[in-house]
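Work through the exercises below with the sequence and the 3D view side by side. Try each task before reading its solution.

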Amino acid sequence: MQPRPDFELLSADYVQQRQWLQSGRLSAAELLAAQQQAIACFNPVINAFICQLSPSPAPAGLAPARLKALSGLCVAVKDNIDIKGVATTAGLAVRKNAIAATDAFAVARLRAAGASLTGKLNMHEGALGATNHNSHFGDCHNPHRAGFTPGGSSGGSGAAVAAGMVTVALGSDTMGSIRIPAAYCGVFGFKPSRGAVSNSGSVPCGRLMDTLGPLARSARDLTLVSQQLLAFDRQCPEAVRISRRSKLAQPLILLVPEDLEALQVSADIIADFAKNLAVFRDMGAIIKPIALRHYPFAAARRAGLLICESDMRLEYAAEWQQQPQGFSAYLQALLAYPDRKTAIDYSAALQQITDAAISARQWLAQGHFMLLPTTPQRAFSLSDAVPANQADLTSFANQAGLPALSLPMLSDAALPGGMQLVGPAGSDFQLLALAERWQQHSGFIYRLPASLQALC
């Protein structure tokens, strides 16, 4: 029987782990060994890692002045993002031999800042789905309850962070694929503004909406990692320069939907969300109700899917022609859908995306940030039908190009729930600052699920 992992160490965020490293209480080798032990214990059930690497821990005994910004940080990467010398499968067996020649821009930034890469993470096939069902590499499970979805498509990223197998994970978000796993797994997930993080070296799902971003066990970790990730890439056509301004307006006006029942948000999520508003009020924020029920969520969802399906047909054109059997029946059906559509249909989908940006602009004109549940429901069984509205509350931020961040809700429920902050384009570091302020004020500290103890 394997020794039991150190739950206190593995629950800690990078800021805490780094303090222990600098004080001598912990060595980088010991931290890495603890996380490798967690992978050995937990991953056979959770199936978050599909490929492990052998990172070198940060050098011991370095003075704080000589440490890099992310020295000692262990990061794992969703398997649609390139690591040099490692296959980038995007969750598909047909790409199992697609060895990356170089690091993705985001991965190179993390390496340069001192982070160590520990592996590639499971994902929903092709990144087109939010349950992390995967017929090629096996389903990924939620650390809080085996047999339940961790969310997707960055399900392996959310599960690995929530189970302490890695301190920070990199994911991608096209219609909510970072924030949905963050909500279902009870951690933090950040989708930056469109173009703030380079997509160079990642496999596209929907080019207009794709954004890379981090998942972590604290808001302050998201900030530290984002300071490295948000950098202008001249080789990325969507790249934009993002202000580092983090000062928040006083008083802060948060726009909160008044019609969550009409949006088919589950009663338990609504109840927890209402309780969590008290923390923001206690922080001095003004809660201003807004109506979202008139927004065409179903049409926007379908428009986003058509864009993804079309972009993926282009990305996988060779495999689609030469080995269509290499795609699951689920993905075959989605990728065949554009054959039944016209150029006018695609143009109409693009118009729907434009309309999302206008709607978001109108909402945010009434306040500083939006605050709403991340998902309309908590994690559900992998055998259950997938709710049609699973990504409704997340996808508009992608379509409008806005930064969005999922926070764990304070709750007594058995499974986590998330709440989401959305800000104007370019307000990334203000959004991160607000998340940090919330965590400091609420006193939220992430703890590994007790259910994991039964796995060792």
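The exercises that follow deal with the sheet, the cores, one helix, some aromatic rings and one glutamine.

This is a predicted model, in which local features need pLDDT of at least 70 and side-chain atom pairs count only at pLDDT 80 or more, while totals for chains, interfaces and linings use all residues. Residues are numbered from 1 along each chain as its sequence is written, and side-chain values use heavy atoms, with hydrogens and water left out.

**Exercise 1. The sheet**

Give the order of the strands in the open sheet and name its edge strands.

Solution. Begin with the terms: helices (H or I, at least four residues) and strands (E, at least two) are DSSP runs, numbered from the N terminus. Two strands pair if DSSP finds at least two bridges between them. The open sheet has 11 strands, in the order β1-β3-β2-β4-β6-β5-β10-β11-β9-β7-β8, with mixed pairing. At its edges are β1 (49–52) and β8 (286–290), each of which pairs on one side only. From one strand to the next the twist averages 25°; axes are lines fitted to C-alpha atoms, for helices over the stretch in contact, and angles run from 0 to 180 degrees between N-to-C directions.

Next, take one parallel pair. Strand β2 (residues 74–78) and strand β3 (residues 116–121) run parallel and are joined by five bridges. Cys74 has Ser116 in β3 as its bridge partner.

Last, add two helices, where contact means heavy atoms within 4.5 Å. Helix α4 (residues 105–112) packs on the sheet and touches β2, β3, β4 (168–173) and β6 (211–216), its direction making about 160° with that of β4. Helix α14 (residues 428–442) also packs on the sheet, touching β5 (188–191), β7, β9, β10 (404–408) and β11; the direction of α14 makes about 10° with that of β10.

**Exercise 2. Strand β9 and its neighbours**

In which sense does β9 pair with β7, and in which with β11?

Solution. Strand β7 (residues 253–257) pairs with β9 in the parallel sense over two bridges. Leu255 has its bridge partner, Met370, in β9. On the pairing with strand β11 (residues 418–422), the sense is antiparallel and there are four bridges. There, Leu371 stands opposite Leu421 of β11. Strand β9 (residues 369–373) is mostly covered, with five of its five residues buried. Buried means under 20% relative accessible area, exposed over 50%, and partly exposed in between (1.4 Å probe, protein chains only).

**Exercise 3. The nonpolar cores**

Which residues have the most contacts inside the largest nonpolar core?

Solution. A nonpolar core is a set of buried Ala, Val, Leu, Ile, Met, Phe, Trp, Tyr and Cys residues joined through side-chain atoms within 4.5 Å. The largest has 114 residues, and those with the most contacts inside it are Phe42, Met165, Phe280 and Met370. Helix α3 (residues 28–46) gives the most to this core, namely eight residues. Not counting residues up to four places away in sequence, Phe42 touches Pro5, Phe7, Ala163, Met165, Leu448, Leu452, Leu455 and Cys456. A second, separate core has 24 residues, among them Ala127, Cys205, Met209 and Cys308.

**Exercise 4. Helix α7**

Which residue caps the N-terminal end of α7?

Solution. The cap is Ser218: one of its side-chain oxygens lies 3.1 Å from the backbone nitrogen of Asp221. Helix α7 (residues 219–229) is mostly covered, as eight of its 11 residues are buried. Asp221 is one of these buried residues.

**Exercise 5. Aromatic rings**

Which parts of the chain does the pair of Tyr316 and Phe327 tie together?

Solution. Rings of Phe, Tyr and Trp (its six-membered ring) pair if their centres lie within 6.5 Å; planes under 30 degrees apart count as stacked, over 60 as edge-to-face and the rest as tilted. Tyr316 and Phe327 are edge-to-face, at 6.0 Å centre to centre and 80° between the planes. Tyr316 lies in the loop between α9 (297–315) and α10 (317–322), and Phe327 in the loop between α10 and α11 (329–336), so the pair ties together parts that are 11 residues apart in sequence. Tyr316 is buried, with a relative accessible area of 0%, and Phe327 is buried at 2%.

**Exercise 6. Gln390**

Is Gln390 buried or exposed?

Solution. Gln390 lies in the loop between β9 and α13 (392–400). Its relative accessibility is 5%, so Gln390 counts as buried. A polar atom of its side chain lies 2.9 Å from the backbone oxygen of Ala130.

Terms used. A polar contact is a pair of N or O atoms within 3.5 Å; within protein, one must be able to donate a hydrogen and the other to accept it, and residues adjacent in sequence count only if both atoms are side-chain atoms.
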